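Here's a quick briefing to read alongside the model. Have a look at the rings and the sheet as you go.

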Amino acid sequence: MRVRTMAEEDVQAVEAISAVSPEAAQWGLSAYRMLLAEPARGRVLVGEQERSVVGFLCFRMLGTEAEVLNLAVLPLFRRRGVGSQMLEQAMREVSASGATRLFLEVRKSNVPAIRLYERHGFAAAGTRPGYYKDPPDDAVVLARDLRAASDAERD
């Protein structure tokens, strides 16, 4: 498994992964293409297994903060470390770009995702009642301080 930046030829695979992942934000092809065309708005990493895209993670920088916008893995490849590897790569990239905190929202009902994020040092920072519409759900806001990880890597 390798993690790399999404290319134009990956856009349809990313959208297809999103389509079979109802817990992920449902963006159209144009949203992913916009991130390719305007990297200042955000980036997309893909997890690739045997030359096939099996997962993706979208993130953006906001000054010294960063935000995970969307993450999904094909159902067949879940719980195999794909999400972890993409998340670790995103944390390295945003930290190297000067971010000190990384945020995200996750469905309150998405316990496997919450556990994934907690294993990577994220902690609850708040809730957004009624944040998700289809199906309705609250969002849990999670945050991770990236300074501790950067300090540990330098030691």
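**Aromatic pairs**

Searching the whole structure turns up 4 aromatic pairs (Phe, Tyr or six-membered Trp rings with centres within 6.5 Å; planes under 30 degrees apart are stacked, over 60 edge-to-face, the rest tilted). This is a predicted model, where local features need pLDDT of at least 70 and side-chain atom pairs 80 or more, while totals for chains, interfaces and linings use all residues. Residues count from 1 along each chain as its sequence is written, and side-chain values use heavy atoms, leaving out hydrogens and water.

- Y32 and F56 are edge-to-face, because their ring centres sit 5.6 Å apart with planes at 80°.
- Y32 is in helix α2 (residues 29-37) and F56 in strand β3 (residues 52-62), so this pair ties together parts 24 residues apart in sequence (helices are DSSP H or I runs of at least four residues, strands E runs of at least two, numbered from the N terminus).
- Y32 is buried at 0% relative accessibility (buried is under 20% relative accessible area, 1.4 Å probe, protein chains only), and F56 is buried at 0% too.
- Y117 and F122 also pair edge-to-face, 5.7 Å centre to centre and 65° between planes; both are buried.
- Ring pairs join W27, Y32 and F56 into a cluster.

**The sheet**

- The open sheet has 7 strands in the order β1-β2-β3-β4-β5-β7-β6, with mixed pairing (strands pair if DSSP finds at least two bridges between them).
- Its edges are β1 (2-5) and β6 (123-133), each pairing on one side only.
- β6 pairs with β7 (residues 136-145) in the antiparallel sense over 7 bridges, and Y132 stands opposite D137 in β7.

Definitions and conventions: Buried < 20%, exposed > 50% of the residue type's maximum accessible area, 1.4 Å probe, protein only.
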